[in-house]
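Reader: I'm new to this one, so please keep it relaxed. I'd like a close look at a single part: the pairings of charged side chains, along with whatever sits around them.

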Amino acid sequence: MKISGREIYYYNTEKEFEAERFAGHFLGMLTEEMRLKKKTEILFLCIGTDRSTGDSLGPLIGYKLAKAGLENARILGTLEKPVHAMNLEHCMKRVNKTCRDAVVVAVDASVGNAEHVGYVTLGRGALRPGLGVQKELDAVGDIFITGIVGSSGSRDPLMLQSVRLSVVMRLADCISRSLILGLKVIGKPVDKFQGELSPF
């Protein structure tokens, strides 16, 4: 589903999720951003922590992308080396210094309407990590991908820790499968810019 007025798409992972459709929309955004901003490389910034089930979506996707051995993208944020609220600012300084030619795709868990739990969003523009848990962090990325893991109606600060792992894993599987498919379509290796980037 596309929301009018702003280019943002919603995908339901519980039924009729089409990895090809997600990959097609993602590729369209990615190639246009690369053309408009004259960028030649791709960086996935996967935000979150493995210490909270609901917030582990980003590192899980980073882990899956790194394991896939992508030759045309860089990954920052995995289960082993997560990017989270405590090191995000430092990581972005590194990215801005060493990855100036990359379109940054920010990936994170999010909260939303109760009926959208289990949905994936894809949109153009920066992501504001931490808003769902009342954290003030700088906006990051040129394209954003989120998985809605919980309801914004909950005021419980421990909500993210009680999210079902099955929901997070389904979101991570759908997102990573779509991204890998899309990057295989591009098929262009980036010789000097591949593999996992350490946040430290």
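Author: A word on terms to begin: a helix here is a DSSP run of H or I at least four residues long, and the helices are numbered from the N terminus. Keep in mind, too, that you're looking at a predicted model.

With that, start at helix 3, which covers residues 88-98 and holds both Lys93 and Glu89. The two are four residues apart, or about one turn of the helix. Their side chains form a salt bridge, and the closest N and O atoms are 3.9 Å apart. The cut-off is within 4 Å, so this pair makes the list. Both partners face the outside: Lys93 counts as exposed because its relative accessibility is 55%, and Glu89 counts as exposed too, at 56%. By this rule, the count of salt bridges comes to seven.

Now for a pair that reaches across the chain. Asp142 and Lys37 meet side chain to side chain in a salt bridge, 2.8 Å from N to O. Asp142 sits in the loop between strand 6 and strand 7, while Lys37 sits in the loop between helix 1 (19-36) and strand 3 (41-46), so the bridge ties together parts that are 105 residues apart in sequence. Asp142 is buried, with a relative accessible area of 16%, whereas Lys37 is partly exposed at 39%. These two have company as well: a network of salt bridges links Glu32, Glu33, Lys37, Arg124 and Asp142.

Another salt bridge joins the side chains of Asp173 and Lys64, at 2.7 Å from N to O. This one links distant parts of the chain, with Asp173 in helix 4 (residues 165-186) and Lys64 in helix 2 (residues 57-67), 109 residues apart. Both count as partly exposed, Asp173 at 32% relative accessibility and Lys64 at 22%.

Let's go back to the loop that holds Asp142. Ala139 lies in that loop, between strand 6 (119-124) and strand 7 (143-151). At 42% relative accessibility, Ala139 is partly exposed. Beyond its neighbours within four places in sequence, Ala139 touches Ala126, Leu127 and Arg128. From Ala139 to Gly125, the C-alpha atoms are 9.2 Å apart, with their places 14 residues apart in sequence.

The strands on either side of this loop have partners worth a look. Strand 6 runs antiparallel to strand 2, and five bridges join them. Across that pairing, Tyr10 stands opposite Thr121 in strand 6. Five of the five residues of strand 2 (residues 8-12) are buried, so the rest of the structure largely encloses this strand. Ile8, Tyr10 and Asn12 point one way, and Tyr9 and Tyr11 point the other way.

On the strand 7 side, look for Thr146. The side chains of Thr146 and Ser110 are joined by a polar contact of 3.4 Å. Ser110 belongs to strand 5 (residues 102-112) and counts as buried at 18% relative accessibility. Leaving out neighbours within four places in sequence, Ser110 is in contact with Thr146, Gly147, Ile148, Val149 and Gly150.

Notes
Residues numbered from 1 in each chain as written. Predicted model: local features only at pLDDT ≥ 70, side-chain atom pairs only at ≥ 80, totals over all residues. Heavy atoms only, no water. Buried < 20%, exposed > 50% of the residue type's maximum accessible area, 1.4 Å probe, protein only. Polar contact = N/O pair within 3.5 Å; in protein donor to acceptor, adjacent residues only side chain to side chain. Contact = heavy atoms within 4.5 Å. Pairing = 2+ DSSP bridges.
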